[in-house]
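Please look over the sequence and the model shown below before reading on. The report moves from the whole chain to one strand, and then to the ligand.

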Amino acid sequence: MTAIEVNGLRKSHQEFEAVKGISFEVPEGEIFALLGRNGAGKTTTIEVLAGFQRADGGSVRVLGLDPCAERAAVRRRTGIMLQEAGFFPELTVAQTVDTWRDFTAAPRPREEALELAGLTARSGTRVRQLSGGEKRRLDLALALLGRPEVLFLDEPTTGMDPEARARTWDVVRDLAARGTTILLTTHYLDEAQRLATSMAIMDEGRIVASGGMIETLAARRGQVAFLMPAHLDPGALPLPVTLEKGRAVCRAEDPDLAAQTLLTWAAERGLRLNDLEVRAATLEDLFLDLARTKEDAR
Ligand SMILES: Nc1ncnc2c1ncn2[C@@H]1O[C@H](COP(=O)(O)OP(=O)(O)OP(=O)(O)O)[C@@H](O)[C@H]1O
């Protein structure tokens, strides 16, 4: 079943059109990353999906429901973690969770929610004493309280240390494996690449690239990079390279094969290709390519 359907969505803030007719679908149990620079329209899209804002055009469905017309039903079955949470600073973590439990139908036990978010040890700490990353974790605990079928996570790991980030990824993966559909935004491209099964990249309110993560990246060229040997003319190499910050970079559909060609060529000449790196395309490459294409079009 399709858990989230967005069809030609448009949304303006006063005069400014933040979302200009976007469409995508997220099947049940998938992790979908909505990506893009600051101001691309990601949060606006989440706010419409969560029923906080009404679409100006197009349609959205969450679990087959209209988030605006059927707000109560959608709220019961979804969880949301927005960028700015409104907590009461004087309450402890445990008191905050208990307060939210009172407003949640069939909530998880407090200890379970804290455990999932890695906050058990901070249970008695006042919210004002939490670090930024810990506040994000408290947000996650609250978003998970109602055992949501769909979870919206707006920059869930911002401010978290590497360990907390990795732990959050595990929680997200585990929830998806049990059937929860997750739509997340993040500026950490490695995070999106590791977590999401599919993605859409937004720019100025439009989707400029989308698809399955593995398929999208596999269709792009990877690269082989190495320190350019001194006194070697790049034109003499068996494959074309560009020089980027002192490194020779060869873009190739099959980077393993390109590396073999380059290494064999070097060995035959008694040369070493130092600091050799061979890798498939990354989301960061895709982002940079999109930025270059946009720059060239100007
Ligand atoms: N309430 C509002 N009133 C006026 N303009 C708004 C409002 N909310 C958002 N905008 C504008 O709409 C555009 C899209 O904002 P949005 O928050 O959806 O982007 P975003 O992709 O989530 O960005 P970020 O990565 O910075 O969170 C921005 O230019 C923003 O300034």
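How many helices and strands does the secondary structure of the protein come to? The count is 10 helices and 13 strands, where helices (H or I, at least four residues) and strands (E, at least two) are DSSP runs numbered from the N terminus.

This is a predicted model, in which local features need pLDDT of at least 70 and side-chain atom pairs count only at pLDDT 80 or more, while totals for chains, interfaces and linings use all residues. Residues are numbered from 1 along each chain as its sequence is written. The pLDDT, which is the predictor's confidence in each residue from 0 to 100, averages 94 over the protein, and 100% of the residues score at least 70. For the complex, the predictor gives an ipTM of 0.95 and a pTM of 0.89.

Taken along the principal axes, the C-alpha atoms of the protein fill a box of roughly 75 × 45 × 35 Å. Of its 298 residues, 37% count as buried, a term for residues with 20 or more other C-beta atoms within 10 Å of their own, against 12 or fewer for exposed and partly exposed in between, with C-beta atoms placed from the backbone.

Strand β7, residues 181–185, is mostly covered, since 5 of its 5 residues are buried. T181, L183 and T185 point one way from this strand, whereas I182 and L184 point the other way. In a regular strand the side chains alternate between the two faces of the sheet.

Two strands pair with β7, pairing here requiring that DSSP finds at least two bridges between them:

| Strand | Residues | Bridges to β7 | Sense |
|---|---|---|---|
| β3 | 31–36 | 4 bridges | parallel |
| β6 | 150–154 | 5 bridges | parallel |

On the β3 side, I31 has I182 as its bridge partner in β7, and from β6 the residue L153 stands opposite L184. The chain crosses from β6 through helix α6, residues 162–177, to β7, and this β-α-β crossover is right-handed, meaning that, with the strands pointing away from the viewer, the path from the first strand over the helix to the second runs clockwise.

Around the ligand lies a shell that includes H13, Q14, F16, G36, K42 and T43, membership requiring a C-beta atom, placed from the backbone, within 6 Å of the molecule. Both β2 (16–27) and α1 (42–49) supply at least two residues of this shell, and α1 gives the most, with 3 residues.
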